[in-house]
Amino acid sequence: MLSIKLLLPFISGIFNKLYDDLVDNKCLKPYKNKFIMELLKGLHYITFTSVGLQDPLFFIIHYCVNIFNFFGGKNSWENPYENSLFYSFFILWFIIDYSKIKRLYTLDYIIICLSAISCFIEPKIVKIEVSLLKLIMRLGCVFTGFFMVSYFPVSPSMLNVIVYLLGYFLLSTIIQYVSLFVLNDKHTIPEEKCQTHKYYKSKKEKKRKENKKDAQRDWPKNKQRRRAKTLK
């Protein structure tokens with residue numbers, strides 16, 4: 001029965017991460033369409049809200065920690081849907097049954113504090129959507145989550161939070177690996193392959209300017225060559 005209850009936060013974390021990567025990860029652009037994006041929005045909203053109503057602390061912890069992520073990396077919340085969640089989920093503060101809140105353990109408070117700090121710092125460290133550093137960090141989060149669930153006593157609410165994050169980070173690890181070593185051209189540096197439209201635009205602009213400079217530099221030589229051919 002416990003494993004079935006934990007399935008809901010686990011798949012909720014997966015829905016969240018899949019939507020997030022389809023928005024940000026350019027390597028996944030061929031697999032992105034409007035129906036899938038709207039479906040993932042609904043599935044995440046339903047599953048997250050269901051867990052939050054059953055376990056109010058699950059919602060409260062997530063909401064508070066994500067505030068740190070918002071101030072740590074505001075660019076991460078530029079997407080209108082993601083930004084709107086702060087306002088739409090705010091309604092849950094008036095709906096949740098506070099009598100269901102159970103006591104947190106000392107370890108739970110330590111985990112919450114570390115999670116808040118990580119959410120604030122990570123956007124400042126990891127500035128590339130697809131990178132080996134991000135893969136290592138995500139993999140570390142997965143192993144840490146499994147280790148804590150297996151060997152440390154945490155409250156039921158924190159267990160829901162960790163399982164949600166396990167689904168999130170596990171899928172993130174898989175997507176990072178696939179983006180780096182499967183979807184990328186073997187002759188292309190991974191960090192250069194899956195960048196934003198802005199990156200490609202600046203790269204093309206830089207190359208265009210370089211070609212223009214080369215053409216201007218070589219123009220006198222080419223003119224002399226053409227003149228010499230004409231004289232021959």
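These legends go with a set of close-up views of one predicted model.

**Figure 1. The whole chain, nine helices and zero strands.**
Let's start with the overview before zooming in. Reading from the N terminus, the elements go α-α-α-α-α-α-α-α-α. The chain has 232 residues, and buried ones make up 36% of them. About 15200 Å² of the protein chain is exposed, with carbon and sulfur atoms supplying 66% of that area. As for contacts, take those with a separation of 6 or more: 75% of them join residues 24 or more positions apart.

**Figure 2. The second largest pocket, with about 360 Å³ of space.**
Fifteen is the count to keep in mind here, since 15 residues line this pocket. Lying nearest its centre are Lys-5, Gln-54, Asp-55, Pro-156 and Asn-160. Three helices each put at least two residues into the lining: α1 (2–24), α2 (34–54) and α7 (156–181). Of the elements in the lining, α1 gives the most, with six residues. Sorted by class, the lining comes out as eight nonpolar, three polar and four charged residues.

**Figure 3. Asn-160, one of the residues nearest the centre of the second largest pocket.**
This view stays at the pocket and picks out a residue of helix α7, namely Asn-160. Asn-160 has a relative accessible area of 14%, under the 20% cut-off, so it counts as buried. Skipping neighbours within four places in sequence, Asn-160 is in contact with Leu-6, Pro-9, Val-51, Asp-55 and Phe-58. One of those partners, Asp-55, is also listed among the residues nearest the pocket centre.

**Figure 4. Phe-10 of helix α1 and its partners further along the chain.**
Is Phe-10 buried or partly exposed? With a relative accessible area of 25%, Phe-10 is partly exposed, because that value falls between the 20% and 50% cut-offs. Leaving out residues within four places in sequence, the contacts of Phe-10 are Val-163, Tyr-164, Leu-166, Gly-167 and Leu-170. There is a long jump in sequence here too: Phe-10 and Tyr-168 are 158 residues apart along the chain, while their C-alpha atoms are separated by 7.7 Å.

**Figure 5. Val-23, another residue of helix α1.**
Val-23 has 17% relative accessibility, which means it counts as buried, the limit being under 20%. Its contacts, with neighbours within four places set aside, are Lys-32, Met-37 and Asn-79. Asn-79 is worth a second look: Val-23 and Asn-79 sit 56 residues apart in sequence, yet 8.4 Å apart in space, C-alpha to C-alpha.

**Figure 6. Asn-69 in helix α3 (residues 56–72).**
Which residues does Asn-69 touch, not counting those up to four places away in sequence? The list is Trp-77, Cys-119 and Pro-123. Asn-69 has a relative accessible area of 13%; that is under 20%, so Asn-69 is buried.

**Figure 7. Leu-139 in helix α6 (residues 132–151), shown with Leu-171.**
Leu-139 is partly exposed because its relative accessible area of 36% lies between 20% and 50%. Along the chain, Leu-139 and Leu-171 are 32 residues apart, and 10.0 Å separates their C-alpha atoms.

**Figure 8. Two cysteines, Cys-64 and Cys-113.**
How many disulfides does a search of the whole structure find? The search comes back with zero. The two cysteines in this view can be compared with the accessibility cut-offs. Cys-64 has 33% relative accessibility, so it counts as partly exposed. Cys-113, at 47% relative accessibility, also counts as partly exposed, because 47% is not over the 50% that exposed calls for.

Terms used
Residues are numbered from 1 along each chain as its sequence is written. This is a predicted model: local features need pLDDT of at least 70, side-chain atom pairs count only at pLDDT 80 or more; totals for chains, interfaces and linings use all residues. Side-chain values use heavy atoms; hydrogens and water are left out. On a 1 Å grid over the protein atoms alone, a cavity is a set of points where a 1.4 Å probe fits but cannot get out, and a pocket is an open set with protein on both sides within 12 Å along at least five of seven lines; lining residues have an atom within 4 Å of a point. Grid points are joined across faces, edges and corners, and a volume is the space filled by probe spheres set on the points. Helices (H or I, at least four residues) and strands (E, at least two) are DSSP runs, numbered from the N terminus. Ala, Val, Leu, Ile, Met, Phe, Trp, Tyr, Cys and Pro count as nonpolar, Asp, Glu, Lys and Arg as charged, and the others, Gly among them, as polar. A disulfide is a pair of cysteine sulfur atoms within 2.5 Å. Buried means under 20% relative accessible area, exposed over 50%, partly exposed in between (1.4 Å probe, protein chains only). Contact means heavy atoms within 4.5 Å. Accessible areas come from the Shrake-Rupley method with a 1.4 Å probe; for residues, only the protein chains shown count as cover.
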